Amino acid sequence: MTEIAIGIDIGGTNTVYGCIDSKGNTIANGSIPTQIKENFEDYIEDLISAIKSSIENSNKEVTIVGVGIGAPNGSYRAGTIENAANLRWKGTLPIAKMVNEKLNVPVKVTNDANAAALGERIFGGAKNMSDFMVITLGTGLGSGIVVNGDLLYGYEGFAGEVGHIIIRPGGRDCACGRKGCLETYVSATGVKRSVYKLLAKHLGDSTLRDVPFNNLNAKMVAEAANQGDSVALETFKYTGKMLGEALANVASVTAPEAIFLFGGLAKAGDLLFDPVKEAMDENMLFLYKDKVKLLPSQLGDDAAILGAAALIWNDEKIIL
């Protein structure tokens, strides 16, 4: 009998899940559409049904020791999803309680960046680290911060919103309602906004000039930069500078051993890492100079579900 933790990652389009053993092996996995059902209860019913079906089809004898869920606006303290902007169900959703009632196992909830940080610690590059952070670079910018071996949750469970540090007062509008937040500059969406700002500034040729905003993505910008496109190159320098400045500030508070960059934007490699490291070095408090490593995440394509499952494998004090 193999013990497994079920890792669930709830995205705006799809919900992916995996049955993960204590060594990080995936026994079974699958996905369902997130936004199809009008009622949240029906969505949970479909999700549990899909998970049970995947386990049955794996032909493995397993024991479920718990369920970890990474979700937008997921509260670790309350086990809820609270007013997530990219989900159709509003208000406070008691997801931990609902899943527990279906499977009768411990259920833990957090946001996707915290899950990524736990995944990095249990299965990735932070196995021997007690102080580090993971920056997730996707549509927005998330962050999971580990201090003294524990995730930083704060009073109500929402601590660690590095993406909503105001890096440019009065700057770009943010979905949170404020202006100048880091994620409006450093994220896949932020990169797109920077490209169009620079296209307006420069009159030279660029392969990005004729691409409609809604069709543009960070991968296209990276490909253009690798081909020497001046606007794309300047975009990554600008983006990296913003992130490096912010990380130098955050490092002054948490003193991490390493900062891991994770997500689609991080796949740009040196295009992003080089300017980030340069700006970090220029702005780092002298106490921490040359002491904070900037590293790519070592989690692969299953990072989301590994991170969510790590909520269970990281905690030996499992309580219903």
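This is a guided tour of one chain, moving from the whole model to a helix, a sheet, a single threonine and two asparagines.

**The whole chain**

Begin with everything displayed, and keep in mind that this is a predicted model. Colouring by secondary structure should bring out eight helices and 13 strands. Along its principal axes the C-alpha trace spans about 60 × 45 × 35 Å, and the radius of gyration is 20 Å, which agrees with the value near 20 Å that a compact globule of 320 residues would have. If you switch to a surface view, the accessible surface comes to about 15200 Å², and 48% of that area belongs to carbon and sulfur atoms. Beneath the surface, buried residues account for 52% of the 320 residues in the chain. Among contacts between residues at least 6 apart in sequence, 61% join residues that are at least 24 apart.

**Helix α8**

Next select residues 303-313, which form helix α8. This helix is mostly covered, with nine of its eleven residues buried. To see them, show the side chains of the buried set, which consists of Ala303, Ile305, Leu306, Gly307, Ala308, Ala309, Ala310, Leu311 and Ile312. Then add the elements against which these buried residues pack, namely the strands β1 (2-10), β2 (14-20), β4 (62-70), β8 (107-110) and β12 (258-262), together with helix α3 (112-123).

**The five-stranded sheet**

Strand β12, one of the packing partners of α8, leads to the next stop. It belongs to an open sheet of five strands in the order β11-β10-β9-β12-β13, with mixed pairing. The edges are β11 (150-151) and β13 (293-296), each of which pairs on one side only. Now select helix α7 (residues 270-283), which packs on the sheet and touches β9, β12 and β13, its direction making about 165° with that of β13. Returning to the strands themselves, look at β9 (residues 132-137), which runs parallel to β12 and is joined to it by five bridges. Within that pair, label valine 134, whose bridge partner in β12 is phenylalanine 260.

**Threonine 15**

Move now to strand β2, where threonine 15 is found. Is this residue buried or exposed? Its relative accessible area is 0%, so threonine 15 counts as buried. Leaving aside neighbours within four places in sequence, the residues in contact with threonine 15 are Ile8, Asp9, Ile10, Gly30, Ser31, Ile32, Thr34, Tyr43 and Leu47. Two of these contacts deserve a distance label: the side chain of threonine 15 makes a polar contact of 2.8 Å with the side chain of threonine 34, and another of 2.7 Å with the side chain of tyrosine 43. For a longer distance, draw a line from the C-alpha of threonine 15 to that of valine 65, which lies 50 residues away in sequence and 20 Å away in space.

**Two asparagines with positive phi**

Finish in the loops. Select asparagine 83, in the loop between β6 (80-82) and β7 (92-93), and check its backbone: phi is positive, at about 50°, although the residue is not a glycine. Then go to asparagine 104, in the loop between α2 (95-103) and β8, where phi is again positive in a residue other than glycine, with a value near 55°. Asparagine 104 has a relative accessibility of 59% and therefore counts as exposed, the cut-off for that term being over 50%.

Methods: Residues numbered from 1 in each chain as written. Predicted model: local features only at pLDDT ≥ 70, side-chain atom pairs only at ≥ 80, totals over all residues. Heavy atoms only, no water. Buried < 20%, exposed > 50% of the residue type's maximum accessible area, 1.4 Å probe, protein only. Helix = DSSP H or I, 4+ residues; strand = E, 2+ residues; numbered from the N terminus. Contact = heavy atoms within 4.5 Å. Pairing = 2+ DSSP bridges. Axes fitted to C-alpha atoms, helices over the stretch in contact; angles between N-to-C directions. Rg over C-alpha atoms; globule rule 2.2 N^0.38 Å. Areas by Shrake-Rupley, 256 points an atom, 1.4 Å probe, with all protein chains shown as cover. Polar contact = N/O pair within 3.5 Å; in protein donor to acceptor, adjacent residues only side chain to side chain.
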